[in-house]
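The following exercises concern strand pairing, burial and side-chain contacts. Each task is followed by a solution in steps.

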Amino acid sequence: MRLFILLLMILAAGCSGEYKMAPVSGTVTFDGEPLEGAEVVFAPMESDGVLKVGPCSVGVTDGEGRYTLKTPKGAAGAVVTNHRVSVGFGEPDEAAIAAIVEEAYSKNVNMSEAKVMAIERKARRSMAVRSIPDSYNSNTQLRITVTGPNSDANFDLNSDGTLPDLTNSSDLE
């Protein structure tokens, strides 16, 4: 997922031209709870679903599920057009996992290899990437149109992957 987002951002950052932008922020929930730490990506697209030239916009949700979009160059908002939207998480922090294991080992250098591996598995589980259905990220079916200023795009996602009702998003189709 991160590679996909990175490629989109690199392509978009290299494009020249000016685009009509609109501020976009919103809230993402998952099974009724705020979704913290998720990357929300708006990728401009043609009406037939083909990605078009223009900067993608990215935001990361906070503890209340709120996000605000910016382009890779720091411009606020998203291009006024149709967008394919993806929501997902990055990879687990390998350095943090290694630090947890190292700290546990430093407290007990006689720890068995099996115990070290058990601590690593526990650390990975505690930092596990939450499972978001593919229909919201790698195979996203989320579509939205940014039409004007003060766009508020809220996404109520659920574990069964059904598309949310976007009628509560002002200035968006």
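**Exercise 1. The partners of strand S2**

Strand S2 is joined to strand S6 (residues 66-68) by three bridges, and the two run antiparallel. The model is a predicted one.

Task: Determine which residue of S6 is the bridge partner of Gly-26, and establish in which sense S2 pairs with S10, S11 and S3.

Solution.

Step 1. In S6, Tyr-67 is the bridge partner of Gly-26.

Step 2. Strand S10 (residues 151-152) pairs with S2 over two bridges in the parallel sense. Within S10, Asp-152 is the bridge partner of Ser-25.

Step 3. The pairing of S2 with strand S11 (residues 155-157) is also parallel, over three bridges. Here Phe-155 of S11 stands opposite Val-28.

Step 4. Strand S3 (residues 33-34) runs antiparallel to S2 and is joined to it by two bridges. Pro-34 in S3 stands opposite Thr-29.

Step 5. In general, the strands of a sheet pair through backbone hydrogen bonds, in a parallel or an antiparallel manner.

**Exercise 2. Burial of S2 and the turn that follows**

Task: State how many residues of S2 are buried, and decide whether Asp-31 is buried, partly exposed or exposed.

Solution.

Step 1. A residue counts as buried under 20% relative accessible area and as exposed over 50%.

Step 2. In strand S2 (residues 24-30), seven of the seven residues are buried, so the strand is largely enclosed by the rest of the structure.

Step 3. The burial applies to both faces of S2: Val-24, Gly-26, Val-28 and Phe-30 lie on one side, and Ser-25, Thr-27 and Thr-29 on the other.

Step 4. S2 and S3 form a hairpin with two residues between them. Asp-31 lies in the loop between these strands, and its relative accessibility of 43% places it in the partly exposed class.

Step 5. The phi of Asp-31 is near 50 degrees, a positive value in a residue other than glycine. Most residues other than glycine have a negative phi.

**Exercise 3. The sheet S5-S4-S8-S9**

Task: Identify which strands stand at the edges of this sheet, and state how many bridges join S8 to S9.

Solution.

Step 1. Four strands form an open sheet in the order S5-S4-S8-S9, with antiparallel pairing.

Step 2. The edges are strand S5 (57-60) and strand S9 (142-145); each has a single partner strand, so one side of each is left without a neighbour in the sheet.

Step 3. On average, neighbouring strands of this sheet are turned by 25 degrees against each other, direction ignored.

Step 4. Strand S8 (residues 82-88) and S9 run antiparallel and are joined by four bridges. Ile-144 in S9 is the bridge partner of His-83.

**Exercise 4. The nonpolar cores**

Task: Establish which residues touch the most other members of the largest nonpolar core, and which element contributes the largest share of it.

Solution.

Step 1. The largest nonpolar core has 22 residues, of which Phe-42, Tyr-67, Val-87 and Phe-155 touch the most other members.

Step 2. S2, strand S4 (39-45), S8, S9 and S11 are the elements that give two or more residues to this core. The largest share, three residues, comes from S2.

Step 3. Another core, of five residues, lies apart from it; among its members are Val-101, Ala-104, Met-111 and Val-116.

Step 4. In soluble globular proteins, nonpolar side chains tend to be buried together.

**Exercise 5. Helix H2 and its salt bridge**

Task: Verify the span of H2, locate its buried residues, and identify which side chains meet in a salt bridge.

Solution.

Step 1. Helix H2 (residues 94-107) has 14 residues, which at 1.5 Å a residue should span 20 Å; the end C-alpha atoms are 20 Å apart, which agrees. The expected span uses one less than the number of residues.

Step 2. Ile-97, Val-101 and Ala-104 are the buried residues of H2. Viewed down the helix axis, they fall within an arc of 60 degrees, so they line one face of the helix.

Step 3. Exposed residues on the other side of H2 are Ala-95, Glu-102, Ser-106 and Lys-107.

Step 4. A search of the whole structure finds one salt bridge. The side chains of Lys-107 and Glu-103 meet in a salt bridge at 3.4 Å, N to O.

Step 5. Both of these residues lie in H2, four residues apart, about one turn of the helix. An α-helix has 3.6 residues a turn, so residues three or four places apart point the same way.

Step 6. Lys-107 counts as exposed, at 67% relative accessibility, whereas Glu-103 counts as partly exposed, at 45%.

Terms used. Residues numbered from 1 in each chain as written. Predicted model: local features only at pLDDT ≥ 70, side-chain atom pairs only at ≥ 80, totals over all residues. Heavy atoms only, no water. Pairing = 2+ DSSP bridges. Axes fitted to C-alpha atoms, helices over the stretch in contact; angles between N-to-C directions. Buried < 20%, exposed > 50% of the residue type's maximum accessible area, 1.4 Å probe, protein only. Core = buried A, V, L, I, M, F, W, Y, C linked by side-chain atoms within 4.5 Å. Arc of directions from axis to C-beta. Salt bridge = Lys/Arg side-chain N within 4 Å of Asp/Glu carboxyl O.
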